[in-house]
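I opened this notebook to record what I looked up, beginning with a sheet in one chain and then turning to the domains of another.

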Amino acid sequence: MPSTAQLQLTDKGRLRHFLTTEGLPKDLMIEIMDRAATFLGDTPRDLKKRPLLKGRSVVNLFFENSTRTRTTFEIAAKGLSADVVSLDISTSATAKGESLLDTLKNLEAMGADLFVVRHNQSGAPHFIAQHCTPELAIVNAGDGLHAHPTQAMLDMFTIRQHKGDIANLKVAIIGDIRHSRVVRSQVHALHGLGCQDIRLIGPGTLLPRQGLAGSLHDDLREGIQDADVVICLRLQKERMASALLPSEAEFHRNYGMTLERLGWAAPNAIVMHPGPINRGVEIDSELADSDHSVILNQVTNGIAVRMAILSMVMGVEERL
Amino acid sequence: MSLASVGLIDLCCRLGETPSQTLAQAQELGYDVLTLPPYETPPENSPVRLAKLGPITQELDGEHLAEMARYQAGGVVGVTQGHAPWKNTRVQLNALRYARGQNLPVHALPLDSELGRGVAHDGEIAQRLGLETQPSAAETIALARDLQLIAETGVTAHIGRISCAESVRLIRRAKAEGLPITCDVAVTHLLWNEAKIEGYDYRYRLQPVLRSEADQMALIEGLAEGVIDAVCSDHTPHPVADKRLPFAQAAPGAETLHLLRSGLMALVDQGRLTEQQAISAVLDAPAKILKL
């Protein structure tokens, strides 16, 4: 079977779907970021709308709850003048597979052009892309532990915006590396953009054993030493229930980012977080609200990057 | 006698939703005997000889001993817990002791129920695909416990479907120490490894999971060396609706009746096994294990 990286490209190497940053050619990542930049105005309110998808219909297909990601996709699609429908489909209703395919076939029959899919199963968008009609494009809005590629691209965009060429940077990511689809996509994107120094930091239970580019650190200070970019991840409460961590407090003691600890990183280091943040767990309020934090830029950039990706998978080739 | 023509004796085959069709296919592919796990319901007039395993606990609940003597009177060739979990080690010890008293062989499929929930081998590919992982220890922890209890009770035991190098090592050591056990591997695990799941290919979602290439090679060597006695099809047909799903949701198991002979022939052609070793793995060894 084709890998996810193969499945998302056309014969000519353009985006047919957007499923993963793994194996995504560097020139396509740069094109996404360059195109996103054209949608940004001077302030978050001035996002430049363009009717590039007028008459096309985008269906947000969310099998897993997510208000934030779904909303940014809605705003992005509307910013391109697409018709947008959002559907929350509980996974229990599609626990049997044929009904997942049945759901798809029904939506296809309604004439959708693009599905934005979030699902709690790794590979579900891949599965959908394999079984849908060829006219339909799939954008992965997060699948299981596998990938969250639009989040990763908005992070790359934000890093480039603040720190320039990603190839020369030291990037540290702290938290639940092992169970994070965001990290997988970030690491593939960083690697694809030439970043040579990626540090993945967390306690042993939250680090992967193998399979990701980057060095593994269970010591925070060692991991963020001289880093230009520090990315904190949201700590999920379930990690305590499944005996991966003793408590949030202990996580904070060992791995929580504070303004003081940021002193270990490079001067002018930026701090990022995919949101929503647990203040006082993975990051202190003082740091989250400081000049080092670019967390709110990430949110605005997320809309522009998603506009770029939606227009590219819909085959809008015009140079903007 | 050649591998191409030998009548196959399979140590594990499930019949699926259309038992008659599975049996007809087995007959056409030259199977002489199929061993069925508990609770399979074959039609009355099977074209292939059937050997049945009974449950070792009631409904495989892992807690209450099954009426093994009654199953024995009904003609079962052994009892098994399959991959179903044991309530605790005390029940398992008692069950093996009881089976020993009935002179019933036990077919053990070692798998730790918690670690065994992972859907892919704990390696680079599963990490990358974001699939819940099943380390080899899911098998070896249960195998080590099974071996201890087999030694403790003196029951006649067969270990089924091992999947990793470490299990081959444990079985080799147990045999060297004189424990009278036999062992099999599914043909799938001799032919394939974890690379097959790339692209979330749900056809290769198996239990136990496909492991690393090094594990695959260790299984082939274990067979050639005689540590592993037999090879089975582990045929597991599922309706397409249960299989054509996102990887982790797909029902584990594959239709593999056609692979047992052809797969072994391929290994013989590659020089990894002698034809005699391959024949023994699907004829002499399983006949002895089933006491046919």
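I began at S1(B), which I found joined by three bridges to strand S2 (residues 31-36) of chain B, the two running parallel. For the register of this pair I noted that B:Leu8 stands opposite B:Tyr31 in S2(B). I am reading a predicted model throughout.

I then followed the pairing through the rest of the sheet, and listed eight strands of chain B in the order S1-S2-S3-S4-S5-S8-S9-S10, with parallel pairing and an open arrangement. Which strands stand at the edges? I found strand S1 (8-10) and strand S10 (230-232) of chain B there, each with a single partner strand, so one side of each is left without a neighbour in the sheet. I also looked up the turn between neighbouring strands of this sheet, which is 25° on average when direction is ignored.

Next I turned to chain A, which is divided into domain 1, covering 4-147 + 300-313, and domain 2, covering 149-295. Taken over C-alpha atoms, the centres of these two domains of chain A are separated by 25 Å.

How many residues of each domain are in contact with the other? I noted 26 residues from domain 1 of chain A and 19 residues from domain 2 of chain A. On the side of domain 1 that touches domain 2, I recorded helix H2 (26-39), strand S4 (137-143) and helix H13 (295-313) of chain A as the elements that give two or more residues. Sorting that side of domain 1 of chain A by class, I entered 13 nonpolar, eight polar and five charged residues.

How values were computed. Residues numbered from 1 in each chain as written. Chains lettered and ligands numbered in written order. Predicted model: local features only at pLDDT ≥ 70, side-chain atom pairs only at ≥ 80, totals over all residues. Pairing = 2+ DSSP bridges. Helix = DSSP H or I, 4+ residues; strand = E, 2+ residues; numbered from the N terminus. Axes fitted to C-alpha atoms, helices over the stretch in contact; angles between N-to-C directions. Domains from an automatic or database assignment. Contact = placed C-beta atoms within 7 Å. Nonpolar A, V, L, I, M, F, W, Y, C, P; charged D, E, K, R; others polar.
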